[in-house]
Amino acid sequence: ASASVTRVTSSSEPGVRLRVEGVLAGDDGRNPLPGAQLRIYHTDSGGYYNRQDNDTRKARITATIPVEADGSYTFESIRPGRYPESRIAAHIHVFLSAPGVAEHWIDDFLFADDTFNSEEALQRSRAAGRFAFVMNVERTSSGLLRARREIKLDRTVAERNRLVNGWYA
């Protein structure tokens, strides 16, 4: 397990507490990616990025998660809500960066128990094997949701999904 936990939300944030752990591997799929970090953002429990204009660029729940030297990362937040009046699965957006690797977006963190996951996303995630992005979720006796996601750097994806001015191109 990771030595440090990034707390994305305060304990007073409404919603079901969520802890996500995992390992970020380099493009060989085995060795850690030194100096890497993940930047995440997601909706609140009601499905809003912010209550003023719901602009994703002004997401209220956001954090940068450092990746430990052994490749591990851990963050705690709340389970995001689905967009209001939408059939889009709840998700956590994630950007990856590392020395020599431009910040880029990778597949969202999705939840296996969300009935709004698309069949296409489920198939792509299954095909990724160990590096699946649809996470199984378990509830601990204290009510905390726990999930795990292994991530592998893909330099082709990094180039294709490179951010421009900190955002999707």
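**Two sheets, a ring cluster and two pockets**

I'll start with one residue pair: Val20 has Ala147, in β10, as its bridge partner. Before going further, keep in mind that this is a predicted model.

That pair belongs to the contact between strand β2, residues 17–25, and β10, which run parallel and share 8 bridges. Ala147 also has Val137 standing opposite. What joins strand β9 to β10? Strand β9, residues 137–139, is antiparallel to β10, and 3 bridges hold the two together. One more partner pair here is Glu138 with Arg146, the latter in β10. The hairpin of β9 and β10 leaves 5 residues between the strands, and within this hairpin Gly143 adopts a positive phi near 95°.

Now the whole sheet around these strands. In what order do its strands lie? The order is β1-β5-β2-β10-β9, an open sheet of 5 strands with mixed pairing. At its edges are β1, residues 6–7, and β9, each of which pairs on one side only.

From β5 I'd pick out one residue. Strand β5 covers residues 72–78 and includes Phe75. Is Phe75 buried or exposed? With a relative accessibility of 0%, and the cut-off for buried being under 20%, Phe75 counts as buried. From Phe75 to Thr64 the C-alpha distance is 9.5 Å, with their positions 11 residues apart in sequence.

On to the other sheet. This one is also open and mixed, its 5 strands lying in the order β4-β3-β6-β7-β8. Why do β4 and β8 each have one side without a neighbour in the sheet? Both stand at the edges, β4 at 61–66 and β8 at 134–135, and each has a single partner strand, so one side is left open in each case.

Further in, strand β6, residues 91–98, pairs with strand β7, residues 101–111, in the antiparallel sense, over 6 bridges. Within that pairing, Phe95 has Trp105 of β7 as its bridge partner.

Phe95 leads to the aromatic residues. How many aromatic pairs does a search of the whole structure find? The count is 9. One of them is Phe95 with Tyr168: the ring centres are 5.3 Å apart and the planes stand at 70°, so this is an edge-to-face pair. Because Phe95 is in strand β6 and Tyr168 is in the segment after α2, residues 155–160, the pair ties together parts that are 73 residues apart in sequence. The two residues can also be described by accessibility. Phe95, at 1% relative accessibility, counts as buried, whereas Tyr168 is partly exposed at 26% relative accessible area.

Phe95 and Tyr168 belong to a cluster linked by ring pairs, together with Tyr41, Tyr49, Tyr83, Trp105 and Trp167. Trp105 therefore appears twice in this account: as the bridge partner of Phe95, and as a member of the ring cluster.

Rings also appear here with a charged residue over the face. Arg82 lies over the face of Phe116, 3.9 Å from the ring centre. Arg149 does likewise over Phe109, at a distance of 4.6 Å from the ring centre.

Last, the pockets. The largest has a volume of about 440 Å³. Which of its lining residues lie nearest its centre? Among the 19 residues that line the largest pocket, these are Asp107, Phe131, Lys152, Asp154 and Val157. Two or more lining residues come from each of β7, α1 (119–127), β10 (145–152) and α2. By class, the lining of the largest pocket divides into 10 nonpolar, 2 polar and 7 charged residues.

The second largest pocket holds about 250 Å³ of space. Its lining has 17 residues, and His91, Asp108, Leu110, Ala121 and Arg124 are the closest to its centre. Here β6, β7 and α1 are the elements that give two or more residues to the lining. Which element gives the most to the lining of the second largest pocket? That is β7, with 5 residues. The class split of the second lining is 9 nonpolar, 4 polar and 4 charged.

To close, β7 is the strand to keep in view. It pairs with β6, and it gives residues to the lining of the largest pocket and to that of the second largest.

Terms used: Residues numbered from 1 in each chain as written. Predicted model: local features only at pLDDT ≥ 70, side-chain atom pairs only at ≥ 80, totals over all residues. Heavy atoms only, no water. Pairing = 2+ DSSP bridges. Helix = DSSP H or I, 4+ residues; strand = E, 2+ residues; numbered from the N terminus. Phe/Tyr/Trp six-rings, centres within 6.5 Å; stacked < 30°, edge-to-face > 60°. Buried < 20%, exposed > 50% of the residue type's maximum accessible area, 1.4 Å probe, protein only. Lys NZ or Arg CZ within 6 Å of the ring centre and 35° of its normal. 1 Å grid on protein atoms, 1.4 Å probe; cavity = no way out; pocket = protein on both sides within 12 Å on 5 of 7 lines; lining within 4 Å. Points joined across faces, edges and corners; volume = space filled by probe spheres on them. Nonpolar A, V, L, I, M, F, W, Y, C, P; charged D, E, K, R; others polar.
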